[in-house]
Structure formats: C-alpha cells, structure tokens
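Reader: I should be grateful for a close look at one part of this protein, namely its nonpolar core. Please set that part in the context of the helices around it.

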Amino acid sequence: MQRLLFPPLKTLMGSQCLRLLVPRAAPRTQCGCSCGIRHPLRPGQYSTISEVSLQSGRGTVSLPAKAAERVVGRWLLVCSGTVAGAVILGGVTRLTESGLSMVDWHLIKEMKPPTSQEEWKTEFQKYQQFPEFKILNHDMTLAEFKFIWYMEYSHRMWGRLVGLAYILPAAYFWRKGWLSRGMKGRVLALCGLVCFQGLLGWYMVKSGLEEKPDSHDIPRVSQYRLAAHLGSALVLYCASMWTSLSLLLPQHKLPETRQLLWLRRCAHGTAGLVFLTALSGAFVAGLDAGLVYNSFPKMGESWIPEDLFTFSPILRNVFENPTMVQFDHRILGITSVTAVTVLYFLSRRMPLPRRTKVAAATLLALAYTQVGLGISTLLMYVPTPLAATHQSGSLALLSVALWLMSELRRVPK
C-alpha cells in the first residue's frame, strides 16, 4: 500500500510532468524544450509544486499541494463539528443545571468515572459541601446526582475529544509538511485557543462553587465567565469553519462592482450581528432571563418594561439585569433577521452563481426558523429540548453566514 501511495523517488524525478521543490541558484537553458530559459530564483525561493514536493533537509515526499489543502480543509471541517457538539452539549448541561456537579478538575484523573457505590457516595459527599446542594438541591438523591454528574462529565470528556481532534492531526500534518507557512500560524492559534477553552471552562465553573454569605440567590456561574467561555468557543468554531471553507470551496471570479462591494459588506455585518446575538444568549442563560417575561411581542403588558433600568450605575443593567438582558436579546434577534432579509433581497438583484444564491436563500430560511424557535421557547417557559434546538439553530445560522461570506470573498489578483 505504501509503495502504491508513494512511488519511488527516482521514478518521480524521472517523470517529465513533475517539478520538484528544489532551490536553483543560477539560470540554465533547457535544450529541446519550448519552455526556453529558466530565470534564476532568489535565495531560499522554490519552484511551484505540480504533483509532489520535497521537504527541505529531509527529502520526504509529501502530498500534492491541492490534495493537502483538501485534507486539511476536511480536517478543520470535522473539528468545527466537534466544537459545535461541545457548544450544544454545554447548553444542555446548563439547561439541566448540571454544570456544578463536578466540584474539582483534573485533566487525567477525572477521566475515569466512579464505578462502585462507595466511590459514588464519596463524589456525592464532595458535592454536598458546596452552595448548589445546600441552597437548591438539599433533598437530592444519589440517583438524581448521578444524572447531573454524567451530564457534566460528558461535556468535559467531549471537550477533551475536541482537543485531541485539533492537536494530534495538527502535529501529523505539520510533520508531513502539508501545512503552508500561513496555515501553520492559523493551526497554532486554533490549538492554543482549544487549550484556553479548557482552562476558561474550569474558571467559569469555579465561580459557581464559591460561597457567597450575603446572597441567598440560586447558585450559578458568573454570566460574564459564561459569556467568555461561549464567546471563545464561537470564535474557535468560526475560525475553523472559515479556514475550512476557504480551502474546500473554489472561489468565484465575480466582477468587482459597487453592488458586490455593498453585498460583501452587508454579509460581513450580518454575520457579526448573528455572532453578537448568539453571544448575548449566554447572558440570558447565565441569569435565567428567559423566565422573566414569557410573552411576545410585548414584555408583559408593555413594549418597554418599567424595570429595565433598576440597577445603578445604568451600565450594570446591560449585563446584570435579567429584564434588560432579555430585552437586548430580543432587539438583537429582530435586528439580525432584518439584516438577513435585506441581504437576501440585495443578492436577488445581482447575477450571482447558483451556489451563492443557495447560500443566501438558506440563510433567510434559517433566520426565520430561528426566530420561530426563540419565540416558542419563550412562550413555553424554556423547555429543555426546545431551548437546546434554539441554541443549535444559532450555530447553523452562523455557519451559513460564514458560507455566504466565503462565496463572496475577493479573489486575489
């Protein structure tokens, strides 16, 4: 199999249709060939890859350039899927109030769950020493504890799977020479962000385990840390998805008109609005703001509720007042779906490739579906299955927005 995939080097060098990645210091004339004289290359410069390439200093044969791009693109697409799974599973963990069931963090040790009754009792006793049990779950049974423990355990183990999905293939591709210089920087940044995500997740959980003598509220993690945790996951997801689409989707050679420029800017702005709306959902979840006003389009009996600015200073209301947090999420959602609608009708007025039109139409359909899911979740007092579907819809909407941006990206000259 190895001989079939990687033929002998002498055979490759003897083929007239292949050009090796080797430096050349002086010009020379190639007799009997219509190519004529080859010009000298600058020191350190290499010729174009046609089929195979040699890694400098090691002499190992790598994949074709285009094939390597496709492999890396598909890998990053799979990584994006694992990040999406982690976000969805984290949302379900939050909705089932399971996130504070594991009260310590060990990278390797906690990978083995309790197996005996004694081990489960020990784990339950550790949980009983923290505020969530004392204030909220003081009558919880061991069987109920096992459910929330396994929810948090699944989320943490999935996070480790995400880390492996990034780091191990990245090391392999790096060693094989399938990453360009620019791609190496991106991959390093993505792997670093994955590690940061794990640390940030534990930092977030710690905020819900702290004793607060002056507070009798339900113990929950800090909405600021929750938003930071979700925000970094969304950045990781978007960066991986965008890089993957850039490698896998061929670029359209669209005429650079004023209309296209406006459409491209509108697509970027819409994607930013969708991202910001999804991020504001972290504050809604962190403060249980979805349970404050369960009516639509009005909030209670009025369009603007009276308790919108009850906190002082006023800026605190944006991030700490559940009423204001829900109000902001509504406004952002309405603004996002309006921007998607405008973007769709702008795209209809231009001669665009079929794939680009499909992306715009899909974005419009998903936007209105997401609005319907959000309103239903609100009116039904946030049932877990519906709320989890709403959270998943935000990722789908973000994905299609990135797809449309990729369709409209500028072709380098």
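Author: Residues 225–249 make a suitable point of entry: this span is 96% helix and 0% strand, with its end C-alpha atoms 35 Å apart. Helices here are DSSP runs of H or I with at least four residues, strands are runs of E with at least two, and both are numbered from the N terminus. The model is a predicted one, in which local features need pLDDT of at least 70 and side-chain atom pairs count only at pLDDT 80 or more, while totals for chains, interfaces and linings use all residues. Residues are numbered from 1 along each chain as its sequence is written, and side-chain values use heavy atoms, with hydrogens and water left out.

The protein contains 13 helices and two strands. The unreviewed UniProt entry lists residues 225–249 as a "transmembrane region", and residues 329–346 are also among those listed; such annotations may be inferred rather than shown by experiment, and their positions follow the numbering used here, with feature names shortened. The span 329–346 is 100% helix and 0% strand, and 26 Å separates its end C-alpha atoms.

Of the 413 residues, 42% count as buried, that is, under 20% relative accessible area with a 1.4 Å probe and protein chains only. A nonpolar core is a set of buried Ala, Val, Leu, Ile, Met, Phe, Trp, Tyr and Cys residues joined through side-chain atoms within 4.5 Å. The largest such core has 59 residues, and V72, W75, Y166, L363 and L408 have the most contacts inside it. Helices that each supply at least two of its residues include α3 (65–95), α6 (142–176) and α8 (223–248). The greatest contribution, nine residues, comes from α3. Both domain 1 (65–248) and domain 2 (251–412) give this core at least three residues each, the domain bounds coming from an automatic or database assignment.

Leaving out residues up to four places away in sequence, W75 touches A165, Y166, P169, A170, F173 and V187, where contact means heavy atoms within 4.5 Å. Apart from the largest core lies another, of 26 residues, with L100, V221, L226 and V325 among them.

Two of these names recur around M204, a residue of helix α7. Beyond its neighbours within four places in sequence, M204 is in contact with V221, R225, L226 and H229. M204 counts as buried because its relative accessibility is 11%. Its C-alpha atom is separated by 8.6 Å from that of Y224, 20 residues apart along the chain.

Conventions: Buried means under 20% relative accessible area, exposed over 50%, partly exposed in between (1.4 Å probe, protein chains only).
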